[in-house]
Structure formats: C-alpha cells, structure tokens
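Trainee: I have a new structure open and would like to go through it with you piece by piece. Could we just start somewhere and follow up from there?

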Amino acid sequence: MNRPVNKVAVIGSGIMGSGIACHFANIGVEVLLLDIVPRELTESEKAKGLTLDDAVVRNRLVTDALTRALKSRPSPIYHPQFASRIQTGNLEDDISRIGEADWIIEVVVERLDIKKQVFEKLEAHRKPGTLITSNTSGIPIAFMCEGRSADFQAHFCGTHFFNPPRYLKLFEVIPGPQTKKEVLDFLLSYGEKFLGKTPVLAQDTPAFIGNRIGIFSIMSLFHTVREMGMTVEEVDKLTGPVIGRPKSATFRTVDVVGLDTLVHVANGIAENCPKDERHDLFQLPEFITHMTEQSWLGSKTGQGFYKKIKKEDGSSEILTLDLNTLEYRPGRKAQFATLEQTKPIDTVIDRFPVLASGKDKAGEFYRSSFGALFAYVTHRIPEITDAIYKIDDAMKAGFGWEHGPFQIWDAIGLDRGLLLVEACGQAPAPWIREMREAGVKSFYTVREGATYYYDIQANDFRKVPGQDAFIILDNIRKTKEVFRNSGVVVEDLDDGILNVEFRSKMNTIGGDVLAGLNKAVDLAEKDFQGLVVGNQGANFSVGANIGMIFMMAVEQEYDELGMAIKYFQDTMMRMRYSSIPVISAPHGMTLGGGCELSMHSDKVVAAAETYIGLVEFGVGVIPGGGGSKEMTLRASDTFRKDDVELNALREYFLAIATAKVSTSAYEAFDFGVLQEGKDVVVVNKDRQIATAKSYAKLLAESGYTKPIQRTDIKVLGKQALGMFLVGTDSMEAGRYISEHDKKIANKLAYVMAGGDLSEASYVSEQYLLEIEREAFLSLCTERKTLERIQHMLKTGKPLRN
C-alpha cells in the first residue's frame, strides 16, 4: 500500500509523547506535537506580566515537556539538529493543523473518558483516510473508537511504543473491531522498515503481549524470591547478562521504570483477566505494598530496591533493601557455583541447559522461574497472539531479552522443559502435548537460512514472516561457512559477496581476527566480488586486544609489539587497498580498533545506534592501527575547503584527544569518523548486513578499481606542532590534564603535525603510519600507560593518572 508519511501529529507531550515525536524526527518526518492549554499562570509568568492569552503561556506545557525530553539522557534524538523537525502547539489554537498530518498518534493520559474526548475533537479536523492510532498500554481498542465514524474506525488501531521509543524496538499493533487489513499491514511494514522496530500484531487483550508476559515474569519472580529467601543482589545477579538480559536485571530495572508503573499494569491485569490461570500471581506481595505505601518507587523518589546515600567522607554508597526486614543495608556480593560453570560458555543460548541443571540455589531458582514461564506462555496462545514467534519477538524487543521464552525452551529441550513445568506444579496448554505426540521436538527450525516456527493451527512449521529483507548470520553460519579460525567466521552471502564475522570475546581484534580479515580479503579477491565486515553481536567491536598489548609491554617484548602493531596497520591498509570493495557494518560499541577498521573501509553502513570513536587515550596511548594517520588525512582533505587549516586540524586532534564517542551514527559525521556522501546509516539493525551486501554488490558491478595509496596528505609541521604544544602546556598548568595526559597529547600532536617538519609539506600514508607506530610504541614503555591498561582490564573503566 503506497501511503507516504511526511507529517505526523502527536497528541500529548509527556515522556512517551515527546519520545515518539523525537523518534519520528530521527527518521526525517515532520512532526506536530500538541498538548493542552494551561489553566493557571506560573509565578514566573506572573512576574513577567504575561496572561493566559499569551502564546508562550498557551504553549508552555508542550514547550517545557519537549525541552525536558531533549535534555534527558540517554537522548531521545539522534542529533540535536533533528529537533528542528518538531513543531509545537496546543489543542485549542493549533488543532486544525492536524488536517495536514498523514498519521495522528494519541499519547494522552491513560483514561478512557479523556481519550474519547480527544478523539471527538480530532475527528472534527482529521482528513478522511488519515491514519489515527493510540499509544495506549492496555485500554481496549474497541472501547476507544465507540461512537466514531466508519472512516475513523477503519483507520484506527493501537500502536504501542515502548519507552524509551528510540531505544526499545517493540512496536505492538493492535487492531480495532473495524480496522482495515491494509492499514494493519502498512503499520507493520512502516514500523519495521522506517522506524527500525520489531512490529508485532497483538490481540486486543489487557496489556497486549509484551507487558502481559513481562509483568507476569516479574510478579512470578517477586513471589519466588520470598519463597526461596533470596536477596535483591542474588536475583539481579541471576537475571542479568548471564541469561542475555540487561545489566539492570530485575530490581534495578524496576527502580528505573518506577515501581508505581509496574504496580499499575499488574493491577490492571489482575482486574481485567479474572480467568487467567495464574491470576493469584498478580496480587501484590506484602513487601511491594509496603514499598508503594512508603513511596519507595525507585529513581523518581530517590529510593526503591536500591538507595544511593552520601557518606560522611563525601563518597557515595549504594544500599540494598532487605526484603525481610524492609530496611536498607550495605550491598552484598552474590556468588553461585552454577554461574561459575557458565563462564567458559560465551554464547548465552548455550548456557540455559547448564543453568537449569545447577545443584545450588541458582539452579533451583532457574528451574522454578523457567517452569512457571514456560507454562504461562503456552496458555497465552491464542488468547493474546496466534503465533509463538510473536511472544518471543515481543520479549526481545520490549524487555531487552536476548532470547524469548520459546527459544529458551528449545535450548533446554522440550521434554526437559515439560519436567520443569510439572515440577513447579503447573500444566502446559493442551497443544503442547499434541505437538509432542505428533513427534515435534522443537518450536523452531532453520531451513535454507530461514527460521521456521511451529504453527499450532496448522500443526506444522511455517516460515517466520518478514525475513526476506534480513540476513541472519546464526542461520547461515553452518551451511555457508567458507573459512573459520578462533577469531572469525567467513560466510558466503551469495551474489559474489563474502561476510567476515568476528567471534572473539566482545569482538576484540587480536592476531586471530587480523589473520581472518586478511584471509577474507584473499578469498574475496580470488573467487568473489566484495566483502562485508559485519556481525550481529551486542557490539561491533570494543577495539584491539589490550590484554595482549599489556603482556608484551610488561615483558618488554617491544620488537614483537612493534610487529604486532605493524600487522594491525597493514591489515587496515589491506581493507582500504584491496581489489574488491570492503563494506563495514558497525553497530553498538565500535571503539578504538573497531573504529579504525570502519574508517579504512570503502563504505560504512552504520546502524543508527552506533557509538563509535577513537578511545585509545583512555588507556594511555594514541590510535596505533591507522587511526591517527586517518584523522590527519581527513583533516588534510578539508584544507581545500577551509582557509583556517590549523583550526580544522585542531578539531580532528580534539576528537582523538578527548576520546570522543558518538551517541549515534549521525553524530559521528560531526567529528569526521563517518563521512558525508560516502557513509550511510540504517535505522533497523536487522537490515544492516543485507544493506551492506547490496552496497558491496553495487560497487563491484559498477566497476570497482583498487584505489591508489595517498601521497598527497598535507601536514603543517612545526606551525601545527607549536600550537598543540602551547595548548597542552596551558592545559597542564591549569590542572585540566595530568602530566601523562600531556605526554600522550604531545605524541599525537607530533603525528598529526607530520613530525617537526620546518614547513607545511605533503607526505604519504606510509610516512604517517611509521611515526604513528613509533609514538604508540614509545608510550607503551611508560609506567603510567601500563597502569592505565591494567586498570582498564580490571575495571573496564579508564584511569586518569
């Protein structure tokens, strides 16, 4: 259905409304954000002599709400300039402007009476055929559109974004009684392709899919915790990254979201789902009731399950709520033998059989929670959705789970999962037994690179819809593998394009990865047309293997270290100067060496959520894999457009010296890591590898020619070096940087100035790489550099010394 969306009207500017407005602005859509008119003046407005008729007063609520949203962290907007795409107004003076909108989204308070009043006003100005949706988190869609026109009802449904809209991918689409099928199909397609979401079609049932399963999981855990006598720390240890869930795990997540929000949704499910077979679990435990009464709601009230206090010496301490005494106490470290057994297992999905077999309290906890979850999700089909993959998609996209309930069950095994269900006193839905009796032993299978799910109605496997636009590396790795070593897997993406995928811990770049990159180029040059460097891990790459660098430096193996750094540089140059196009596909953290690799590709296809930068200063060195050279080259290329050459060079210098990391791919264009006209951004990360492949194929078919190494890089010599040295002297004198910071900065200055050349000159890339490598190695001999690297290895945080 060809339905362009050029302008969206968002009604309600609260946290969700402003967040949704910002995300549409992120993708280039013009937004009209409206809210109600204030009924009283503030003291400040009175002092200024303003009246309720002044425009600044009438738009105060929407203006203040959007301002707060834009100042919040993490930011709802990809780039500050994108906020200019949002216009604001109020529901009295500006309501007629919704007639210009292609899509109207209601995001007002969760009260049916207020929503119906708003819809009545909107219908008077809405153009026939315009999409109109509600962001309700649970009010029945059928109730909201009662009394509206046939055209309104045909184009009306629920579109439930999860908070924060920029970061959480779940987009639930809930049809009303009269919603046209083509409207639903359009919204599902638009959500995936343009908004970068995981769209899920849900039934019009309380809390829809994500919150129904998610809140059950949390409420079930609350009851389990008390029964097993577990602590807050123990639960957060067991329900975080070890099982592929956010670091905030359970109790920290509740503190961030707000206990009152969770209680509101749980009460709504308890009230509106009386026939739910686990209805009892939605009754609030005593400790939750007590916390609510005391307004211990989490971050918004200063205390929840955790409480941050200031000690007498001025330092901070985080206290933990004792669930038995309901008093705060110092935190305690949680340790479990079962978790120790999973440490050698890097892939989360492979940990579940081990976790469910644990002999300690952790194993007991996992068996109880998995059994309850497995039973519950079987009974929600077809109540809340007609397909198992929609439940898994909702939990992954809405709650940040790496794997959904049915995927976890597949990892543990169907029969083993049934035993867990029975052990916790529950029974699965009848269709599970029927499925097992039919000889089906899993919920998913992979065929020819595509994922198939067990369709309950058909009693057979069906292809998960929407995969044709994606390349799922997990699905093709076994059948399309061309080469493998301990650091990479090279896969054939078809159409003459290879992909090289990092498989090291946190995708760090060490000798095995570098060897794999070189092998991938060899293979591509011999038998293929192009190469993509991409993976689908949590992060593209956190950089070079600094543990290896630390060991060589400690052992004073400087010749070996020099050779290792040269090998890194040579590999980056191989990416740039091969006979086939190389496309990098960064996402998430793309730091240090990961950034250098991206900068040496022919083209970068970056996910919007890419946090990229040269961060080597944090461990006491300069970028040594070609990053310092490349930033000097890129600064030189701007000299032709900028008469103030020193100022341009300084901006590139500061990007490295301040270890600047972008908060989105769009921001990376500002400091030269990504380049306008060459690199591109994709909003939906699931499309990234396929998009990168298409660009590699396009470049190859357009007649790709191996580039010629640059010998025309203008460096400014002593003029630039003097400017930098004066700057670092003054920064140290003002105690803004340490003596060692100054030493690192001066080394970088030497490289980016091209050395101490007496005048501006033109040099080659190889010349800059050599002085970059010399500077890097000299810093590796410094005790304070080794202290910084050691601190980073231990804590994951930079040390200022």
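Trainee: Which residues of α29 are buried?

Mentor: In this predicted model, the buried residues of α29 are Gln688, Ile689, Thr691, Ala692, Lys693, Ala696 and Ala700. Residues three or four places apart on an α-helix point the same way, because there are 3.6 residues in each turn.

Trainee: And what do the buried residues of α29 pack against?

Mentor: They pack against strands β17 (497-502), β18 (530-533), β19 (582-584), β21 (603-607) and β23 (680-682). The helix itself runs over residues 688-701, and its 14 residues reach 20 Å from the first C-alpha to the last, close to the 20 Å expected at 1.5 Å a residue.

Trainee: What comes just after α29?

Mentor: Gly703 comes there, with a positive phi of about 90 degrees. A glycine is also found just after α9, where Gly229 takes a positive phi of about 65 degrees.

Trainee: Since you bring up α9, how many of its residues are buried?

Mentor: The helix is mostly covered, with 17 of its 19 residues buried. Its end C-alpha atoms lie 27 Å apart, which agrees with the 27 Å that 19 residues should span at 1.5 Å a residue.

Trainee: Switching to empty space, how many cavities of 30 Å³ or more does a search of the whole structure find?

Mentor: The search finds 1 cavity of that kind, and about 140 Å³ of space lies in it. The cavity has 13 lining residues, and those nearest its centre are Ser217, Leu221, Arg245, Ser369 and Phe370. Helices α9 (210-228) and α16 are the elements that give two or more residues to this lining.

Trainee: What classes of residue make up the lining of that cavity?

Mentor: By class, there are 7 nonpolar, 5 polar and 1 charged residues in the lining of the largest cavity.

Trainee: And pockets, how much space lies in the second largest one?

Mentor: The second largest pocket holds about 1,000 Å³ of space. It is lined by 41 residues, and Val542, Gly543, Ala544, Ile546 and Met792 are the closest to its centre. Several elements give two or more residues to this lining, among them α22 (511-527), α23 (546-554), β20 (588-591) and α33 (783-795).

Trainee: Which element gives the largest share of that lining?

Mentor: The largest share comes from α33, with 5 residues. Taken by class, the lining of this pocket divides into 24 nonpolar, 13 polar and 4 charged residues.

Trainee: What about the nonpolar cores, which residues have the most contacts inside the largest one?

Mentor: Phe222, Phe305 and Trp431 have the most contacts inside the largest nonpolar core, which has 116 residues. Helix α16, at residues 361-379, gives the most to this core, with 10 residues. There is also a second, separate core of 55 residues, which includes Ile612, Leu674, Ile713 and Leu748.

Trainee: What does Trp431 touch?

Mentor: Leaving out residues up to four places away in sequence, Trp431 touches Thr378, Ile381, Ile388, Phe406, Phe443, Tyr454 and Ile456. Ile381 from that list is also worth a look for its backbone, as the peptide bond from Ile381 to Pro382 is cis, with omega near 10 degrees. Pro382 sits in the loop between α16 and α17 (388-399).

Trainee: Where is Pro164, then, and what is its peptide bond like?

Mentor: Pro164 is in the loop between β6 (156-161) and β7 (170-175), and the peptide bond that leads to it from Asn163 is cis, with omega near 0 degrees.

Trainee: Back to phi for a moment, what is the value for Ser295?

Mentor: Phi of Ser295 is near 60 degrees, which is a positive value in a residue other than glycine. Ser295 lies in the loop between α13 (286-293) and β9 (306-310). Asp495 is not a glycine either, and has a positive phi of about 60 degrees, in the loop between β16 (488-492) and β17.

Trainee: Why does Asp495 count as partly exposed?

Mentor: Asp495 counts as partly exposed because its relative accessibility is 43%, and that class lies between the 20% limit for buried and the 50% limit for exposed. Ser295, at 39% relative accessibility, counts as partly exposed too.

Methods. Residues numbered from 1 in each chain as written. Predicted model: local features only at pLDDT ≥ 70, side-chain atom pairs only at ≥ 80, totals over all residues. Heavy atoms only, no water. 1 Å grid on protein atoms, 1.4 Å probe; cavity = no way out; pocket = protein on both sides within 12 Å on 5 of 7 lines; lining within 4 Å. Points joined across faces, edges and corners; volume = space filled by probe spheres on them. Helix = DSSP H or I, 4+ residues; strand = E, 2+ residues; numbered from the N terminus. Nonpolar A, V, L, I, M, F, W, Y, C, P; charged D, E, K, R; others polar. Core = buried A, V, L, I, M, F, W, Y, C linked by side-chain atoms within 4.5 Å. Buried < 20%, exposed > 50% of the residue type's maximum accessible area, 1.4 Å probe, protein only. Contact = heavy atoms within 4.5 Å. Expected span 1.5 Å × (residues − 1).
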